[in-house]
Amino acid sequence: MFHQQAYSQVEVAPWGNITGIRKQGQLFNLQTSLQYLKKGGDQIISTAREQQTPIYNRNGNIQTVTTRFDSLIFEKTVTDGGGNKAQVNIKLISKVDTSILGVFFVVRIPRVSDNSARFKLADNEQNFDVATIPTNAIKDLNGVMAKGFEYKSINLEVKVKTEKPDSVLVRKDENNGDILVYFTIKANDIAKGETIEKSYQLEAKGKIDKDPVNLTFNAAQQGRRFEGLGGNFRLQNAATDPQVIDYSLENLRLAWGRVEMPWKFWQPEKDANPFDAAQQNRIHPQVIKAMEMAQRLSKKGIPVILSAWSAPDWAIVGTPNLKPLNGIWGNPLNKDMMTDIYRSITRYITYLRDAYGVEVQYFSFNESDLGINIRMTAQEHADFIKGLGSYMNTKGLKTKLLLGDNSDANTWAFLNLAMSDTATHPYIGAISFHSWRGWETETLQKWADAATKLNVPLLVGEGSIDAAAWQYPAIFQEPTYAMEEINLYTRLLAICQPASILQWQLTADYSPLAGGGIFGDNGALRPTQRFWNLKQLSSTPKNLYAMPIQSSRTDVSAAALGDNNTGVYTIHLVNNGAGRQAIITGIPLKVEKLKIYVTNQEDSVKEYGEKKVSNGQLKFKLPARSFVTLVSE
């Protein structure tokens, strides 16, 4: 029998927002943020992903976040109180005299269609019918004094208490109807050195939803091939990278690898010939290490993608811009140097082949749509594919180019010019995007459609969920991060049908391992829940094909893979809620048994035995808040 996780816990994003309180796997959706309104109320700054540079840590049941808005520093401590409760302490410190309209602790309650929902201020006679809560702008600061509030609907109860009466403003989000409760931390101006402390007690509870999930499998429709999990191996930490790379290569089945081309060190001078430097043993150490990394992958039979993050000074326009300048990243290539650029890249790929035995499958510039750190327009991207592709052909290289390799899924329009120019098609080996943003089904479907249109594989060239997480690496050990990451991967498998998802990274950067000196953790090197998720995903049998599977619940993600010729099938499920019964129908009749594997906070790719399939149907208990894989015999 699957055991139920009886713990409760408050979930905190590393930028400081509470995302809810979880009980028995189910998240009760209570969201918080900090908001800062400048004078006039026209500019509202909120704590959010990639908007500040927070510091996040956990010590037992206490999570701390330090962040800032301009000269205002916030120290936020969230203590898990158990029993669906949490204590929030906020310290605000001003470094200079600051003119403000207000600073607020904001509680958001999701809109419900429950007409019986009620909202009540604590220790205040003013109560609200939810339907009558105003939507006027928050710059109207006519709040009321209260010691918190209570909200109650059929499925959710929320209470927030303060130590003393605070000025509270209640509004309804005009965009989605959510209830917004603004607790005033400080109104009007704040003086240099002034320190303000506030405390809030939060509680969220409701009915634990354990209704069954019905999953409908359709093996008759066979899509693109999933070759397996991949990994990025961009070398950045000489002291700690090797142990993570070794452990990953020893314990994961990898279908693809992506390495860096340190182009600026390969040919720093335009008129230099890197082959001459190679003959004189003058290759830069970073180039040697990158080539050896590619060779190591190749010797294990892992095909290699080569990507350049930056360029030598002679190949770009302007001074190298490695940070955003006036909101613009990177540098464009120098159009007067294109032949020299093609020659330099081709020589690198040729040398990697001849000296290290590595046949590079695909080449790309990393996130050139954004400029990390080479920036291209869509037209320049199309022209480059044609130019370099043709040049490599004349030199006898089999390497093709990635279309895209974009910074996130939202930037799909970057592909359109190259896709509509048939002259690019002979040189495009695959399409690639990075999974940092753009997770809506409609957005991800555009990438799947592009791969179908060009009839090439689709790759998730960098897989993970938070591009800023290197700033607060303690988050990598949080179950919340692990589950959100594998949930996205399961959706990517189902919607995009990629050939591979390449984890960012299988080095110490964004490491799925802890200890060994990584991020200052000097304990023993050990796998985290994220690593076990990757291990379970990488254990998918080779070369299965995407097959549709429909889930009756939005909190259970599902992806199915199979091969009707071999009779091998795999189903990946992520249960984001409480434990429940799962019923899978449509399983091919020739499948008699399915092995079940589970990864969660307590289990690490644990085998839960075999389950018999009866007339194409399987019933089993889906454990709470878990990644579950079923594999046919």
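Good morning. I begin with the largest cavity, whose lining comprises seven nonpolar, four polar and no charged residues. Please keep in mind that this is a predicted model. The volume of this largest cavity is about 60 Å³. Its lining consists of Phe363, Ser364, Phe365, Ser368, Met376, His381, Phe384, Ile385, Leu401, Leu402 and Gly404. Three elements each contribute at least two of these residues, namely β22 (362-365), α6 (378-394) and β23 (400-406). In total, the structure contains three cavities of 30 Å³ or more.

The second largest cavity has a volume of about 40 Å³. Around this cavity we find Gln9, Val10, Glu11, Val12, Tyr56, Arg58, Gln63, Ile475, Glu478 and Thr480. Two elements, β1 (8-12) and β6 (55-59), each give two or more residues to that lining. Strand β1 makes the largest contribution, with four residues. By class, the second largest cavity is lined by four nonpolar, three polar and three charged residues. Charged residues are thus present here, whereas the lining of the largest cavity has none.

I turn now to open space, and specifically to the second largest pocket. This pocket holds about 930 Å³ of space. It is lined by 30 residues, and those closest to its centre are Trp329, Ile372, Ala467, Trp470 and Tyr510. The classes represented in the lining of the second largest pocket are nonpolar, with 14 residues, polar, with 10, and charged, with six.

Let me move from empty space to packing. In soluble globular proteins, nonpolar side chains tend to be buried together. Which residues touch the most other members of the largest nonpolar core? They are Phe119, Phe149, Trp263, Phe363 and Phe384, within a core of 155 residues. Helix α5 (residues 338-356) supplies the largest share of this core, nine residues. A separate core of 26 residues lies apart from it, and includes Tyr569, Leu573, Leu594 and Tyr608.

Two of the highly connected core residues, Phe363 and Phe384, also appear in the lining of the largest cavity.

Phe149 deserves a closer look. Leaving aside residues up to four places away in sequence, Phe149 is in contact with Val107, Ile109, Phe119, Lys120, Leu121, Ala122, Val158, Lys159, Val160, Val181 and Phe183. One of these partners, Phe119, is itself among the core residues that touch the most other members.

That concludes the presentation. Thank you for your attention.

Terms used: Residues are numbered from 1 along each chain as its sequence is written. This is a predicted model: local features need pLDDT of at least 70, side-chain atom pairs count only at pLDDT 80 or more; totals for chains, interfaces and linings use all residues. Side-chain values use heavy atoms; hydrogens and water are left out. On a 1 Å grid over the protein atoms alone, a cavity is a set of points where a 1.4 Å probe fits but cannot get out, and a pocket is an open set with protein on both sides within 12 Å along at least five of seven lines; lining residues have an atom within 4 Å of a point. Grid points are joined across faces, edges and corners, and a volume is the space filled by probe spheres set on the points. Ala, Val, Leu, Ile, Met, Phe, Trp, Tyr, Cys and Pro count as nonpolar, Asp, Glu, Lys and Arg as charged, and the others, Gly among them, as polar. A nonpolar core is a set of buried Ala, Val, Leu, Ile, Met, Phe, Trp, Tyr and Cys residues joined through side-chain atoms within 4.5 Å. Buried means under 20% relative accessible area, exposed over 50%, partly exposed in between (1.4 Å probe, protein chains only). Contact means heavy atoms within 4.5 Å.
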